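Welcome! Take a moment to look over the sequence and the model before reading on.

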There are 2 protein chains.
Amino acid sequence: MQLIDGKAVADQIKQEIAAEVAEIKKNGGKTPHLAVIIVGHDGGSETYVASKVKACEQCGFKSTRLSFESDITEEQLLEQIKMLNEDPDVDGFIVQLPLPKHISEQKVIEAIDYHKDVDGFHPINVGRTSIGLPAFVSATPAGIMELLKRYNIETSGKHCVVIGRSNIVGKPVASLMMQKAFPGDATVTVCHSRTKNLKEITLQADIIIAALGSPKFLTADMVKDGAVIIDVGTTRVPSTQTKSGFKLTGDVDFENVAPKCSFITPVPGGVGPMTICSLMKNTLLAGKKAIYK
Amino acid sequence: MQLIDGKAVADQIKQEIAAEVAEIKKNGGKTPHLAVIIVGHDGGSETYVASKVKACEQCGFKSTRLSFESDITEEQLLEQIKMLNEDPDVDGFIVQLPLPKHISEQKVIEAIDYHKDVDGFHPINVGRTSIGLPAFVSATPAGIMELLKRYNIETSGKHCVVIGRSNIVGKPVASLMMQKAFPGDATVTVCHSRTKNLKEITLQADIIIAALGSPKFLTADMVKDGAVIIDVGTTRVPSTQTKSGFKLTGDVDFENVAPKCSFITPVPGGVGPMTICSLMKNTLLAGKKAIYK
């Protein structure tokens with residue numbers, strides 16, 4: 001069994017990005033600039049945004065954090081987005097989810113200029129990803145593809161089972177895994193809450209991508225020997241063993257599944273660091289105008 | 001075994017559309033207007049375009065056919081598209097594919113204003129379909145969903161196997177079948193040329209959507225008893241039995257597969273008529289500004 005060290009890969013990629021940014025600056029080019037909007041004081045969101053700002057520093061990017069109280073109106077938030085759309089210094093920006101219930105996340109996502117949509121949530125980036133055109137690929141799926149690539153994991157003709165059909169992970173990663181590409185070219189099955197014979201299906205999988213958000217859901221009896229396991233779950237489970245009082249827990253029963261696998265991502269330190277790293281990659285691409293002119 | 005009569009359903013839907021259009025006209029509303037661009041003299045394309053123009057008549061739509069010789073330049077074609085984008089009388093339009101090799105189909109598709117993209121090929125309509133937002137859904141997948149709906153075929157929790165991963169059928173129909181909706185909520189597997197154990201997978205399928213374009217590819221030994229078979233194939237196979245000298249042939253070995261099925265679409269007369277009918281439906285939606293304002 002080989003552990004897929006997402007943290008090490010992410011650090012490596014951030015160094016590569018930093019080197020490229022240094023070169024860009026040396027040649028008088030523009031420093032890539034990521035802006036992050038955060039609404040309210042959700043603990044998870046605060047942590048994620050802090051990590052993103054820190055990653056920007058590591059990459060040599062400029063970053064701007066815009067914080068609003070949770071009573072901001074949808075209209076006011078859309079006005080902020082408009083300003084970022086029009087700000088020529090901002091190459092890319094994201095709105096940290098989730099948002100308070102009185103604000104439509106979908107409206108917010110669609111309000112972001114797709115040229116600056118480094119989270120890859122805008123329909124046009126989703127569509128281009130599906131068609132196989134250059135696009136800002138949603139960060140978590142992009143991170144998963146990068147891990148498969150850097151660990152040189154064979155995907156062509158393999159049976160990849162995705163558990164979960166969310167718009168930000170399950171659907172786009174399924175879409176990427178079926179493309180004519182490496183990584184890709186896999187036979188892809190998407191399972192979800194309505195799937196009746198899940199175990200029967202996961203037992204056929206060469207690659208399982210678990211993205212349903214249910215701690216330790218995937219157990220050893222559901223996995224065939226030698227499978228590749230990608231764990232996207234990051235549920236905060238209360239814990240007396242940590243200072244914060246909780247522990248990030250994946251969708252995979254790691255302890256019992258790991259011995260059966262050829263490759264497996266841990267939680268934390270697997271897909272998580274790659275997500276932030278993909279956001280950095282997208283910001284670099286936005287700064288270079290590499291996807292859209 | 002029940003035959004899914006796509007022609008009868010399509011006739012029914014066209015009557016429903018015609019009734020609605022008559023009502024719109026009676027109330028002084030605008031007659032929906034579809035424009036079709038055709039380049040060159042490909043026999044298949046000529047037939048399809050003629051069918052589309054005829055369907056417009058049946059629905060009470062206005063239609064415009066714009067024909068160009070195959071030596072039209074990409075720039076000239078894009079200019080024509082721009083004119084249709086800007087023409088307030090044209091509610092929707094399509095460019096009949098395939099195009100001559102010197103013209104980029106993708107560039108043409110992206111040049112079409114997505115508000116008028118009644119073929120549903122523009123990335124924004126593809127993305128919105130995937131996310132589950134209102135969109136012009138690609139005509140063939142939309143037609144398949146309509147057949148499943150009108151025949152009241154259970155899809156929730158069923159295992160749907162899609163053979164083929166094209167941008168216009170395989171991928172979008174997979175996307176629709178996995179949505180939280182009826183029809184939908186299926187466990188979906190997408191197979192393609194790189195799939196190694198296809199028969200093993202199709203034998204598990206409750207629903208098979210064959211969209212690879214290989215005549216009589218799906219044989220009886222690949223299908224389990226009681227399966228629902230949707231045949232998207234329409235390959236022109238030379239024939240001495242028809243006046244035209246060819247015969248439209250599906251991807252399914254109908255004669256031997258049909259006896260095993262619960263439902264099956266014939267070729268011709270199954271998915272084909274529904275595709276044109278979905279285009280009419282999209283044109284009506286465009287005319288009513290029901291998807292986009």
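Where in chain A is the place of A:Asp185? A:Asp185 sits in the loop between helix 7 and strand 6 of chain A. Keep this loop in mind while reading, and keep in mind too that the model is predicted.

## The overall picture of chain A

Let us begin with the chain as a whole. Chain A has 10 helices and 11 strands. Its radius of gyration is 19 Å, close to the 19 Å that the globule rule gives for 293 residues, so chain A is as compact as a globular protein of that length. Along its principal axes, the C-alpha trace of chain A spans about 50 × 40 × 35 Å.

Chain A is divided into domain 1, covering 24-121, and domain 2, covering 139-271. Between the C-alpha centres of these two domains of chain A there are 28 Å. Of the 293 residues in chain A, 50% are buried. If you look at contacts in chain A between residues at least 6 apart in sequence, 69% of them join residues at least 24 apart.

## Where the two chains meet

Now bring chain B into view. On one side, 25 residues of chain A take part in the contact, and on the other, 24 residues of chain B. Three elements of chain A each supply at least two residues to its side: helix 5 (123-131), helix 7 (170-178) and strand 6 (187-191). The largest share comes from helix 5 of chain A, with 8 residues. Sorted by class, the side of chain A that touches chain B holds 10 nonpolar, 9 polar and 6 charged residues.

Strand 6 of chain A deserves a second look. It is joined by 3 bridges to strand 6 of chain B (residues 187-191), and the two strands run antiparallel. Within this pairing, A:Val190 stands opposite B:Val188.

## How the copies are related

How many degrees of turn lay chain A on chain B? A turn of 180 degrees does it, with a shift of 0.0 Å along the axis and an RMSD of 0.0 Å. The two copies are therefore related as by a two-fold rotation axis.

The contact itself can be compared between the copies as well. Of the interface residues of chain A, 96% are also interface residues in chain B, so the copies meet through the same surface.

## Details of the backbone

We can now return to the loop from the opening. The loop between helix 7 and strand 6 of chain A holds A:Pro183, and a cis peptide bond joins A:Phe182 to this proline, with omega at about -10 degrees. A:Asp185 is in that loop too. Its phi is near 60 degrees, a positive value in a residue other than glycine. Is A:Asp185 buried or exposed? A:Asp185 counts as buried because it has 22 C-beta neighbours inside 10 Å, and the cut-off for a buried residue is 20 or more.

Similar details can be found elsewhere in the chain. A cis peptide bond also joins A:Val267 and A:Pro268, where omega is about -5 degrees. A:Pro268 lies in the loop between strand 11 (263-264) and helix 10 (271-287) of chain A. For A:Lys216, phi is near 55 degrees, again a positive value in a residue other than glycine. A:Lys216 is found in the loop between strand 7 (207-210) and strand 8 (228-231) of chain A. With 17 other C-beta atoms within 10 Å, A:Lys216 is partly exposed.

Definitions and conventions
Residues are numbered from 1 along each chain as its sequence is written. Chains are lettered from A and ligands numbered from 1 in the order in which they are written. This is a predicted model: local features need pLDDT of at least 70, side-chain atom pairs count only at pLDDT 80 or more; totals for chains, interfaces and linings use all residues. Domain bounds come from an automatic or database domain assignment. Two residues are in contact if their C-beta atoms, placed from the backbone, lie within 7 Å. Helices (H or I, at least four residues) and strands (E, at least two) are DSSP runs, numbered from the N terminus. Ala, Val, Leu, Ile, Met, Phe, Trp, Tyr, Cys and Pro count as nonpolar, Asp, Glu, Lys and Arg as charged, and the others, Gly among them, as polar. Two strands pair if DSSP finds at least two bridges between them. A residue is buried if 20 or more other C-beta atoms lie within 10 Å of its own, exposed if 12 or fewer, and partly exposed in between; C-beta atoms are placed from the backbone. Copies are superposed by least squares on the C-alpha atoms of residues with pLDDT of at least 70 in both. The radius of gyration is taken over C-alpha atoms; the globule rule is 2.2 Å times the number of residues to the power 0.38.
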